[in-house]
Amino acid sequence: MPDANEDPPDLEDALLRRGTRTAAPSVIRSGRDSMTVELALTVFRQMLRTRALEERSIKMSKSGEAYFWIGGPGEEAFNVCLGLQVHKGRGPAYDYLHLHYRNAGILLAMGMPMIDHTRQLAMRKTDAHSWGRNFVGHYAIPDWNVVPVTSVIEVQYAMAPGTALVQKRHGLKNPNENEGISIVIGGEAGTAEGDFDSCMNWSTRPGRELPVLMLVTNNKFGISTDLDTVHTHRPIVDRAEPYGIRHEITDGNDPVAAWAAIDRAMRYCRRERKPFLLEALVSRLHGHSSSSGAQRNWNDLDPLAAFEQKLIDARAIDTPAVQALKDDAKAEADAAVVQTMTEPEPTREDVYTHTYAPSAVDSVYPLDYTGLPRAR
Ligand SMILES: Cc1ncc(C[n+]2csc(CCOP(=O)(O)OP(=O)(O)O)c2C)c(N)n1
Ligand SMILES: [Mg+2]
């Protein structure tokens with residue numbers, strides 16, 4: 001299985017073939033934005049891997065290998081472009097990630113192996129995020145500042161100012177480590193929750209502004225509720241106006257536009273140490289979750305198919321190379337599932353681990369229930 005950050009042989013072949021053509025482009029353009037062909041092919045490959053994992057995940061939920069699926073088919077372009085631009089690491093010098101349940105593309109692009117996703121989906125004891133006890137996509141990675149994902153929507157927006165406050169203080173004391181930002185993401189329906197406003201309020205206290213990159217992926221639905229029946233037609237980003245927060249809307253289905261918008265927003269947060277609200281218009285290609293059947297929605301634009309066509313039209317890649325990348329991604333997802341299904345499920349006794357840390361004052365749960373080698 002190739003390392004997520006290494007170009008596989010097929011991609012190298014594609015680039016070589018491109019190099020033999022005189023008319024091959026060096027950049028892929030979209031409006032005023034552009035990206036190098038090398039970057040475009042990296043983004044494309046990560047989008048393919050994400051889609052392959054999501055499609056295999058849906059199959060797992062339908063075949064009985066897993067019980068519930070939720071994820072991000074239709075958000076690959078935006079999520080991959082975000083994941084590739086994160087400053088990855090542990091502690092306040094690096095970016096914190098406050099994610100929701102559609103963000104496999106972010107973490108795959110950051111280098112998470114597919115099996116870390118499928119183990120949680122199949123609720124295996126080997127699941128590093130939650131030891132087989134949380135929903136799929138509910139990641140938690142301390143080494144990458146990935147704060148545990150919660151099913152309760154929007155609470156991540158109330159938490160992001162907390163890590164941003166730590167980052168701002170850390171940067172003031174350590175000027176060489178003053179670029180870490182807190183990235184928070186969720187859907188447009190959830191912005192009706194008070195936590196969304198709390199995030200804007202806490203991030204804009206005069207003189208105490210916080211480096212929070214607020215992202216909203218607008219797929220125009222909250223489960224089965226149409227956006228137009230709940231919010232007015234004004235864009236979500238208009239909410240940033242009264243708080244004086246800089247904001248932008250981008251086409252989240254277009255990797256070239258999305259990459260550039262994320263880059264602009266990140267630069268602003270990193271340098272100004274202030275918040276930014278970026279709204280990405282995205283597709284929802286398989287309904288809300290497996291609870292509604294996860295049927296394919298053929299009316300929304302497929303960002304992966306659109307980018308594939310754009311790259312082929314630009315002669316950045318050819319059809320056989322695309323097929324090779326697809327086969328590679330599918331094989332990687334299949335291998336992850338095969339390995340996952342051989343691994344043990346949690347036992348009855350495991351219910352009592354990873355719950356309470358030892359406490360000198362708690363008479364009900366005084367012992368160490370963390371399951372960790374040594375709690376303190
Ligand atoms: C506080 C809370 N209320 C309701 C729910 C049930 N719920 C789960 S997802 C969802 C819709 C969220 O829609 P949106 O914010 O647009 O995100 P999307 O799923 O479309 O990406 C709702 C209402 C919940 N999980 N938490
Ligand atoms: Mg939505």
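Two residues are in contact here if their C-beta atoms, placed from the backbone, lie within 7 Å. Keep that in mind as you explore this structure, which is a predicted model.

Let's start inside. The largest nonpolar core has 92 residues, and Cys81 and Leu213 have the most contacts within it. Helix 2 (residues 37-63) gives the most to this core, contributing eleven residues. Which residues does Cys81 touch, leaving aside its neighbours within four places in sequence? The partners are Val43, Pro255, Ala258, Trp259 and Ile262.

Now look at helix 7 (residues 194-203), whose buried residues are Asp195, Phe196, Cys199, Met200, Trp202 and Ser203. They pack against helix 6 (155-173), strand 4 and strand 5 (212-218). A helix rule is handy here: an α-helix has 3.6 residues a turn, so residues three or four places apart point the same way.

Strand 4 (182-187) turns up again around ligand 1, where this strand and strand 6 (221-222) each supply at least two residues of the shell. That shell has 14 residues, and Ile153, Gly187, Ala189, Gly190 and Gly222 come nearest to the ligand. By class, five shell residues are nonpolar, seven are polar and two are charged.

Finally, here are two residues with a backbone surprise. Most residues other than glycine have a negative phi, but the two below have positive values.

| Residue | Phi | Loop | C-beta atoms within 10 Å |
|---|---|---|---|
| Met123 | near 55° | between helix 5 (114-121) and helix 6 | 20 others |
| Arg315 | about 60° | between helix 9 (303-313) and helix 10 (319-341) | 14 neighbours |

Met123 counts as buried because 20 other C-beta atoms lie within 10 Å, whereas Arg315, with 14 such neighbours, is partly exposed.

Notes: Residues are numbered from 1 along each chain as its sequence is written. Chains are lettered from A and ligands numbered from 1 in the order in which they are written. This is a predicted model: local features need pLDDT of at least 70, side-chain atom pairs count only at pLDDT 80 or more; totals for chains, interfaces and linings use all residues. A residue is near a molecule or strand if its C-beta atom, placed from the backbone, lies within 6 Å of it. Helices (H or I, at least four residues) and strands (E, at least two) are DSSP runs, numbered from the N terminus. Ala, Val, Leu, Ile, Met, Phe, Trp, Tyr, Cys and Pro count as nonpolar, Asp, Glu, Lys and Arg as charged, and the others, Gly among them, as polar. A nonpolar core is a set of buried Ala, Val, Leu, Ile, Met, Phe, Trp, Tyr and Cys residues joined through C-beta atoms within 7 Å. A residue is buried if 20 or more other C-beta atoms lie within 10 Å of its own, exposed if 12 or fewer, and partly exposed in between; C-beta atoms are placed from the backbone.
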